[in-house]
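Biologist: I am new to this structure and would love a close look at one part of it. Could you take me through the salt bridges and the places around them?

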Amino acid sequence: MKNLTVIDHPLVQHKMTILRDKDLGTKEFRELVNEITLFLGYEATRDLPLEDVEIETPLIKSTQKRITGKKLAIVPILRAGLGMVDSMVSLVPAAKIGHIGMYRDHDSLEPIEYFFKMPSDIQDRQVMIVDPMLATGGSALMAIDSLVERDVDPSHIKFVCLVAVPEGVKAIHDKYPEVDIYAGALDEKLNENGYILPGLGDAGDRLFGTL
């Protein structure tokens with residue numbers, strides 16, 4: 001899958017195993033989501049462009065590297081995506097934050113958008129959409145659609161998640177092959193209710209203690 005990068009670092013695999021455990025408490029689940037997101041954000045920002053700048057160290061003048069080009073926006077899909085925001089912002093403190101609110105109709109499994117709020121210059125930014133799960137791809141596609149309708153170039157959008165399945169990756173790739181996906185794991189499949197197997201359950205409920 002050309003548009004997918006699975007972060008297979010041993011620490012990510014170890015932490016993902018703990019995260020999946022149904023007996024893990026809310027506090028520990030939140031902490032692990034933050035820790036894993038740091039690894040994901042590190043890889044998702046690997047290709048940020050750099051420029052040479054001259055600085056003066058305590059000893060000499062020196063030419064060093066600094067990030068240049070488009071500034072970043074972090075866009076969580078509510079509500080579960082909120083659990084990934086703090087880690088992303090800790091990597092890029094100057095990033096602005098937008099929000100897309102969606103819920104999934106439990107009968108049709110289709111996403112319904114109820115909230116959309118972005119920085120006024122969103123079309124001039126590199127956008128990182130964050131959501132723990134990439135299942136059917138419906139919510140991810142609706143989020144990308146909403147941004148593209150506001151003049152965001154799809155090649156400037158990345159999707160960052162904890163767990164993906166082939167169905168969701170294919171859905172994004174078929175419509176937006178320019179959008180790169182970063183995941184902590186690629187799971188086997190969806191069940192008849194559209195949940196990821198083996199998965200980790202409902203990430204929003206586990207993050208916010210609403211099981």
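**Salt bridges and their surroundings**

Modeller: Happy to. Of the 211 residues in the protein chain, 45% are buried. Please keep in mind that this is a predicted model. A little background will help before we turn to single side chains. The chain folds into six helices and 13 strands, and its C-alpha trace spans about 65 × 40 × 30 Å along the principal axes. A compact globule with 211 residues would have a radius of gyration near 17 Å, and the 18 Å of this chain agrees with that. Among contacts with a separation of 6 or more, 64% are between residues 24 or more positions apart.

Now to the charges. The chain carries 23 positive and 33 negative charges, and the mean positions of the two sets are 4 Å apart. The count of salt bridges comes to 14.

Let us start with Arg79, which has several features to show. Its side chain meets that of Asp205 in a salt bridge, with 2.6 Å from N to O. Arg79 lies in the loop between β4 (71-78) and α3 (85-91), whereas Asp205 belongs to helix α6 (residues 203-208), so the pair ties together parts that are 126 residues apart in sequence. The two partners also fall into separate accessibility classes: Arg79 has 33% relative accessibility and counts as partly exposed, while Asp205 has a relative accessible area of 19% and is buried. The cut-off matters here, because buried means under 20%. The backbone at Arg79 deserves a look as well: the peptide bond from Leu78 to Arg79 is cis, with omega near 0 degrees.

Another cis peptide bond runs from Leu197 to Pro198, again with omega near 0 degrees. Pro198 sits in the loop between β13 (196-197) and α6, and α6 is the helix that holds Asp205.

Next, look at the salt bridge between Arg66 and Glu51, where the closest N and O atoms are 3.1 Å apart. This pair links distant parts of the chain: Arg66 is in strand β3 (residues 61-67) and Glu51 in strand β2 (residues 50-56), 15 residues apart. Arg66 counts as partly exposed at 47% relative accessibility, and Glu51 counts as partly exposed at 29%.

A third pair brings us to Glu149 and Arg150, whose side chains form a salt bridge with 3.9 Å from N to O. The rule asks for a distance within 4 Å, so this pair is counted. Arg150, at 35% relative accessibility, is partly exposed, whereas Glu149, at 60%, is exposed. Elsewhere, Lys96, Asp121 and Arg125 are joined into one network by salt bridges that share partners.

Staying with this stretch of the chain, move on to Asp151. This residue lies in the loop between α4 (138-149) and β10 (157-164). Its phi is near 75 degrees, a positive value in a residue other than glycine. At 62% relative accessibility, Asp151 counts as exposed.

Finally, step back to the surface as a whole. The chain exposes about 11,000 Å², and carbon and sulfur atoms supply 53% of that area. If you want one spot to return to in the viewer, try Arg79, where a cis peptide bond from Leu78 and a salt bridge to Asp205 come together.

Definitions and conventions. Residues numbered from 1 in each chain as written. Predicted model: local features only at pLDDT ≥ 70, side-chain atom pairs only at ≥ 80, totals over all residues. Heavy atoms only, no water. Helix = DSSP H or I, 4+ residues; strand = E, 2+ residues; numbered from the N terminus. Buried < 20%, exposed > 50% of the residue type's maximum accessible area, 1.4 Å probe, protein only. Rg over C-alpha atoms; globule rule 2.2 N^0.38 Å. Contact = heavy atoms within 4.5 Å. Areas by Shrake-Rupley, 256 points an atom, 1.4 Å probe, with all protein chains shown as cover. Lys, Arg positive; Asp, Glu negative; His and termini not counted. Charge placed at Lys NZ, Arg CZ, Asp CG, Glu CD.
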